[in-house]
Amino acid sequence: MSENVVHLHKATDPPAPDTAPTVLTVVPDAPPARPVPLWVRSGRAIKTGVTHEKTRATVRAAARHSLYTFNGGRIVARRAWDGRTGSRYERMIRAAEAAGNLEAAEEWEERLQRFRAARHHRRMDLLHSPVEAAKGVAVGAGMSIGVLVALGVVMAINTGHVGDVITPLSATIDFIALLIRIVQIVWGPALTIGPFLALLALWSVGRKQQAAPNWALPANVRNGEGEPITPSIVVKALRDLGVPALARAIKEMGDAGASMLGPIRIAGCGVEVDVTLPSGVATNEVQNKRRKLAENLTRHEHEVFITIPEAARTVRLWIADSGALDEPIGPSPLVTDETLTANYKTGKAPWGQDLRGDAAELSVYQRHLLVTGLSNQGKTAALRALALWLALDRTVQFWIADLKGVGDWAPFDGIAKVLIEGPSDSHCIQATEMVEDAVEEMNRRIEAVRKDPSLVFEPLIVLVDEAQKAFMCPAKGEDGRPYGGAKATSRYFMGVREIHNQGRAVDVLMWQGTQDPTDQNLPKLVREGAHTRASLVVGTESQAEMALGAKAVNAGAAPHLLRQGLDKGTLVVASDGIAVPAGQSSITVRTHFIDDEPAAEIAARAKALRDGVATLRAIDRTEERDPLADVAAVIGDVARLRTDEVLKRLHALDTAVYREWNNGRLKRLLEEHGEEPKKSHGVMVVRRDDVARALANRDTDGSASASQ
């Protein structure tokens with residue numbers, strides 16, 4: 001029994017000051033832990049042993065090599081059967097029929113008939129071959145003996161010994177006996193070793209074909225990441241896609257589906273292959289299983305792109321090298337080549353690279369532009385890269401409204417004739433008025449062209465970044481028309497529509513960048529008016545259709561399948577201004593990123609090409625109005641008016657100026673002129689006489705100052 005621990009203060013010791021009386025405390029030891037039962041410990045040991053990585057590796061290795069041998073035998077047996085029968089030709093006939101190629105089916109049937117005819121002739125020859133073979137052996141043996149005897153006669157004549165006549169024949173008999181002796185010695189071990197050699201041969205065939213389940217293969221093969229794309233891998237990926245009609249057709253094809261594939265071509269940082277689907281399989285059935293197809297090809301979803309070429313029942317697969325799309329592309333030629341210039345009419349902007357690694361260049365000549373995508377995915381950078389290139393053409397004018405207002409477009413100060421920067425409703429109103437001014441300029445040009453068709457105007461790019469803010473602006477003008485909105489009463493909406501309708505004829509072009517497109521912040525008529533439509537990653541397929549159009553999405557364009565945050569700057573572009581592969585309606589472009597410092601340097605080169613542009617910045621509209629006079633105007637003939645009613649009327653008079661006004665701001669205005677709101681029946685009001693007196697005093701003070 002364990003001893004207890006006793007803590008005791010001696011009674012004779014004087015008590016410490018401010019301490020409790022002496023207490024006897026007995027602390028027993030903790031009870032011993034109960035032993036774990038043997039069956040529990042045994043179970044744990046067995047589980048550890050069974051689940052240990054070495055045990056699993058051993059089981060995998062044993063299963064793998066056993067299945068190599070077994071399946072190698074199946075492969076050899078099938079090859080032997082194919083060589084002795086017409087089953088190979090029959091499979092090819094079924095494959096051609098499944099693919100709908102009747103001409104190929106007839107050709108294989110003719111080959112099958114020729115094979116059967118040749119086999120029949122060989123069998124008929126075998127009926128006569130034993131007799132002929134016996135005759136041949138007898139004749140050969142007789143001639144051989146005759147030759148040996150003749151040789152012995154010659155030797156006997158030469159040596160004078162009659163016994164030499166049989167010497168060659170005797171030597172030949174001894175040699176045959178030696179061979180028989182060797183066979184007798186080797187035959188026993190050969191019978192023992194032969195089966196092992198046969199199994200080794202079958203194992204070698206199975207190992208070469210990787211004829212084992214995926215779980216039993218080595219780790220480097222089982223992972224398969226970065227594995228080169230071969231026809232067998234593509235066919236297997238399609239077979240395991242989960243489309244019953246496709247799997248059944250591949251199984252019935254004699255060539256195991258190889259006839260479905262076109263040539264595998266190297267295409268940039270990946271490969272490209274056209275797949276002709278068998279009858280009964282639609283292209284969208286493959287499109288809808290992009291992730292599973294990518295994983296079957298040992299790739300990530302974003303590394304496989306499926307498009308629909310012009311050929312019927314055909315899908316085009318572009319499969320990236322593993323990890324290649326995560327590598328950054330090189331810098332923009334605008335940064336590396338300081339001598340680069342632009343030409344609005346004949347040039348193309350170096351925008352980035354396509355998935356094949358080729359340069360992606362965009363023509364902006366007489367094309368309205370729309371770039372959409374989620375926030376912080378590179379929309380402004382993509383727009384600015386195009387604008388920086390075009391700024392190197394000194395004939396191009398820019399009117400820019402940056403409704404984000406964080407300085408992304410600051411390099412265009414001195415290039416753009418109008419530069420509005422800011423996120424408020426006031427800036428949205430100014431952006432709307434800028435678009436309306438562009439409409440007036442467009443109409444002026446159209447009228448001038450009617451009088452003189454030979455006139456040529458300088459291109460005008462009207463660019464609105466974060467255009468969704470303009471569409472969502474709640475402010476209304478003096479006539480009651482809203483600045484934002486998606487209806488015919490919206491000033492911004494109608495301005496953009498008018499430029500889309502007629503602007504390109506006189507080189508007045510609308511460029512817009514907008515976030516997260518919806519029917520509210522990007523109306524259908526506006527987005528469909530753009531000739532070049534580009535989309536970064538978006539949230540849903542419906543948004544992808546809004547950004548690029550249903551035709552492009554149905555043909556394989558999939559910005560909604562890009563990775564948010566990881567595919568920054570990757571655009572899916574639908575436009576006739578960029579080289580799109582034949583049979584496709586869109587192209588994926590990885591755009592060059594131009595940082596702020598290189599952008600400022602490119603802008604400086606653009607400014608050096610120009611004579612100097614006085615940029616009109618956003619105007620402070622509060623300087624244009626007389627707040628005191630406006631207060632008098634909204635009160636009118638009413639003796640007194642509640643302050644909240646005065647503010648409401650001021651908002652209606654000019655939302656951009658008075659939207660932020662409140663009771664405190666109104667009170668400060670009156671106090672500045674010696675008056676202030678007063679209470680009437682407990683409610684703050686503004687009196688007409690007080691405002692009139694303040695106006696009179698201000699005018700008197702102004703006249704006195706002028707006379708002095």
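Which residue forms a salt bridge with Lys404, and how far apart are the closest N and O atoms? Before I answer, please keep in mind that what we are looking at is a predicted model. The partner is Asp408, and the closest N and O atoms of the two residues are 3.6 Å apart. The two ends of this pair are placed a little differently with respect to the surface, because Lys404, at 30% relative accessibility, counts as partly exposed, whereas Asp408, at 18%, counts as buried.

Let me step back to the whole chain for a moment. It has 708 residues, of which 41% count as buried, and it contains 24 helices and 20 strands. If we take the contacts between residues at least 6 apart in sequence, 64% of them join residues that are at least 24 apart. The chain exposes about 39300 Å², and carbon and sulfur atoms supply 57% of that area.

To return to the charged pairs, a search of the whole structure finds 25 salt bridges, and I would like to show you some of them. One is between the side chains of Lys379 and Glu466, which meet at 3.4 Å, N to O. Lys379 lies in helix α12, residues 379–391, and Glu466 lies in the loop between β12 and α14, so this pair ties together parts of the chain that are 87 residues apart in sequence. Both Lys379 and Glu466 are buried. Another is formed by Arg563 and Asp567, with the closest N and O atoms 2.9 Å apart; here Arg563 is buried at a relative accessible area of 18%, and Asp567 is buried at 7%. There is also a network of salt bridges, which links Arg265, Glu272, Asp274 and Arg316.

Now to the sheets. Four strands form an open sheet with antiparallel pairing, in the order β3-β4-β6-β5. Why is one side of β3 and of β5 left without a neighbour in the sheet? These two strands, residues 265–267 and 304–307, stand at the edges and each has a single partner strand, so nothing in the sheet flanks the other side. Strands β5 and β6 run antiparallel and are joined by four bridges, and Ile306 stands opposite Leu317 in β6. Helix α7, residues 231–239, has Ile233, Val234, Val235, Ala237 and Leu238 as its buried residues, and these pack against β4 and β6 as well as against α8 and α10.

Further along the chain, three strands form an open sheet in the order β18-β20-β19, again with antiparallel pairing. Its edge strands are β18, residues 640–642, and β19, residues 678–680, each of which pairs on one side only, and the twist averages 55° from one strand to the next. Between β19 and β20 there are three bridges, and Lys679 has Met684 in β20 as its bridge partner. Helix α21, residues 643–653, lies across β18 and β20 and runs at about 85° to β18.

I will finish on the surface, with a nonpolar patch formed by Phe175, Ile176, Leu178, Leu179, Ile180, Ile182, Ile185 and Val186, which together have about 740 Å² of accessible area. If you would like one residue to look for there, take Leu178, which is placed in helix α5, residues 167–208, and which is partly exposed, with a relative accessible area of 47%.

Definitions and conventions: Residues numbered from 1 in each chain as written. Predicted model: local features only at pLDDT ≥ 70, side-chain atom pairs only at ≥ 80, totals over all residues. Heavy atoms only, no water. Pairing = 2+ DSSP bridges. Axes fitted to C-alpha atoms, helices over the stretch in contact; angles between N-to-C directions. Contact = heavy atoms within 4.5 Å. Patch = residues over 30% accessible without salt bridge, like charges linked within 9 Å, V, L, I, M, F, W, Y side chains within 5 Å. Areas by Shrake-Rupley, 256 points an atom, 1.4 Å probe, with all protein chains shown as cover. Salt bridge = Lys/Arg side-chain N within 4 Å of Asp/Glu carboxyl O. Buried < 20%, exposed > 50% of the residue type's maximum accessible area, 1.4 Å probe, protein only.
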